[in-house]
Amino acid sequence: MTKDEIILASREYLFPSVFHYFSEPLVIERAKDQFVWDADGNEYLDFFGGILTISVGHSNEHVNAAVHAQVDKLQHVSTVFATEPQAALAKKIATLTPGNLRQSFFTNSGTEANETAITLARCFTGSSEIIALRHSYHGRSALAMAITGNAAWKTGPQMQPGIVYAHNAYCYRCPFGLSYPDCGVRCAQDLEELIRTTTSGRVAGVIAEPIQGVGGFITPPKEYFKIVADIVRQHGGLFISDEVQTGWGRTGNKWFGIEHWDVTPDIMTSAKGLGNGFPIGVTIARPEVAESLKGLTISTFGGNPISTTAAKAVIDLIEEQKLATNAADTGGYLRASLEELQRKHSLIGEVRGMGLMQGVELVEDRKSKTPAVKQTLRIMEAARDNRILIGRGGLYGNVIRISPPMNIQKSDVDEFIRRLDASFGSLQ
Ligand code: PMP
């Protein structure tokens, strides 16, 4: 198909709701390592990684070799039979997870991983009441949309009984008008009042992203999750960490984002970067929690030999090549470079995030902090012209999301910053 035929067929035969960046979608033809090529043969430096999914580089030869071998050996029998790739991956994950998070349930996406986690928390506690955070994103199924605290991503009429929304730690726009650390982390303390006034008092749990991804890389202060986890546990609930974006070393030095906050979750979910592009979701729990998921349940493709082989190869690579360390080092370099851009361009209100997950919030002016929505769209177009791929997010759509593969080098950051700087420059 030609580029125009691809665009035409996409418009004609896909649901109009299929979301593309840019008014005329960018047609991508192939990718290798940190580079992506469009249908006209233009090369882009990919600093979005297919929405934080390309963890070890596009078409990674080690992952592909493992997958090619597995495709010829065994593709699918379903989980009513045991297979080595699924068992080996679960065993490996258990060596990386904090605390006694030791048993895995595999599915095909982050959405399903979160569905499983919520059902599990409800089974374990006997309560159906869930607390989610404002500005959160947890997926696109009915339940996952219900626990999503971002109205733009709640498609169609909603039904969300038993779900309440706590304040997130959005320090740049504090909902209480306070400043950290004098605030005493009021946003976290408020959970007590939320539970007391809007629930039965006994809850199934709280689900939270350590760094809110779609929400614009909102990064809470270090006390936040400990306070939240303590309060929810006092009310009989579990703490569920959604590591769909923050898992597998992305945030630097640690395997999972929540480890930076010194909290051990009761349940963890992940997807995206685990498969480097192969569809996989996982829910991980302590054995006594996992055991409570009673009754028949199956995911036909969950834990399939291809995805689990890919995921095991991805984890092995992250370990062998010390990519979590690289995420911290190169991520720190990226952060410093972005802060330098902030000094130069008044449009940049805040730079935040951890490791190779850095967000840049754009504002009309730094005093009013009015979200610079139109300018963000123009930066996206300019970035495309300068041949870099970046993401967009935030409740107002004014946050640039930067999340390159975790094996990039400082020279890639230099090139990226040069092109991002040019993109900002073109707006003046
Ligand atoms: N949780 C988080 C934190 C996510 O960012 C996403 C996807 N953007 C999901 C869950 C849902 O994952 P999926 O699209 O694989 O269903």
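Here is a short tour of a predicted model, with stops at the ligand, two cavities and one histidine.

**Stop 1: the ligand**

Start by selecting the ligand and showing the residues around it. You should see Ser109, Gly110, Thr111, Asn114, Tyr137, His138, Gly139, Glu209, Asp242, Val244, Gln245 and Lys272. Try colouring that shell by class: two of its residues are nonpolar, seven are polar and three are charged.

Which helix gives the largest share of this shell? Show the cartoon and find helix α5, residues 110-125, which supplies three residues.

Now zoom in on some individual contacts. Select glycine 110 with its backbone shown: a polar backbone atom there sits 2.9 Å from an oxygen atom of the ligand. Move on to threonine 111, and this time look at the side chain, where an N or O atom is 2.5 Å from a ligand oxygen. Then click on aspartate 242, which has a polar side-chain atom 2.7 Å from a nitrogen atom of the ligand. To see how far the ligand is wrapped up, turn on the protein surface: on its own the ligand has 400 Å² of accessible area, and the protein covers 84% of that.

**Stop 2: the cavities**

Leave the ligand for a moment and look for empty space inside the protein. How many cavities of 30 Å³ or more are there? The count is two.

For the largest cavity, select His76, Val77, Ser78, Thr79, Phe81, Thr83, Gln86, Thr300, Gly302, Gly303, Asn304 and Pro305, the residues that line it. The space they enclose has a volume of about 50 Å³. Colour by class again and you'll find three nonpolar residues, nine polar ones and no charged ones in this lining.

Next, select Leu52, Ser55, Val244, Gln245, Gly247, Trp248, Arg250 and Gly273, which line the second largest cavity. That one holds about 30 Å³ of space. Its lining has three nonpolar, four polar and one charged residues. You may recognise Val244 and Gln245 in this selection, as they also belong to the shell around the ligand.

**Stop 3: histidine 68**

Finish with a single residue. Select histidine 68, which you'll find in helix α3, residues 61-73. Is histidine 68 buried or exposed? Its relative accessible area is 54%, so it counts as exposed, the cut-off being over 50%.

For a last click, add threonine 308 and draw a distance between the two C-alpha atoms. Histidine 68 and threonine 308 are 240 residues apart along the chain, yet their C-alpha atoms are separated by 13 Å.

Terms used:
Residues numbered from 1 in each chain as written. Predicted model: local features only at pLDDT ≥ 70, side-chain atom pairs only at ≥ 80, totals over all residues. Heavy atoms only, no water. Helix = DSSP H or I, 4+ residues; strand = E, 2+ residues; numbered from the N terminus. Buried < 20%, exposed > 50% of the residue type's maximum accessible area, 1.4 Å probe, protein only. Near = heavy atom within 4 Å. Polar contact = N/O pair within 3.5 Å; in protein donor to acceptor, adjacent residues only side chain to side chain. Areas by Shrake-Rupley, 256 points an atom, 1.4 Å probe, with all protein chains shown as cover. Nonpolar A, V, L, I, M, F, W, Y, C, P; charged D, E, K, R; others polar. 1 Å grid on protein atoms, 1.4 Å probe; cavity = no way out; pocket = protein on both sides within 12 Å on 5 of 7 lines; lining within 4 Å. Points joined across faces, edges and corners; volume = space filled by probe spheres on them.
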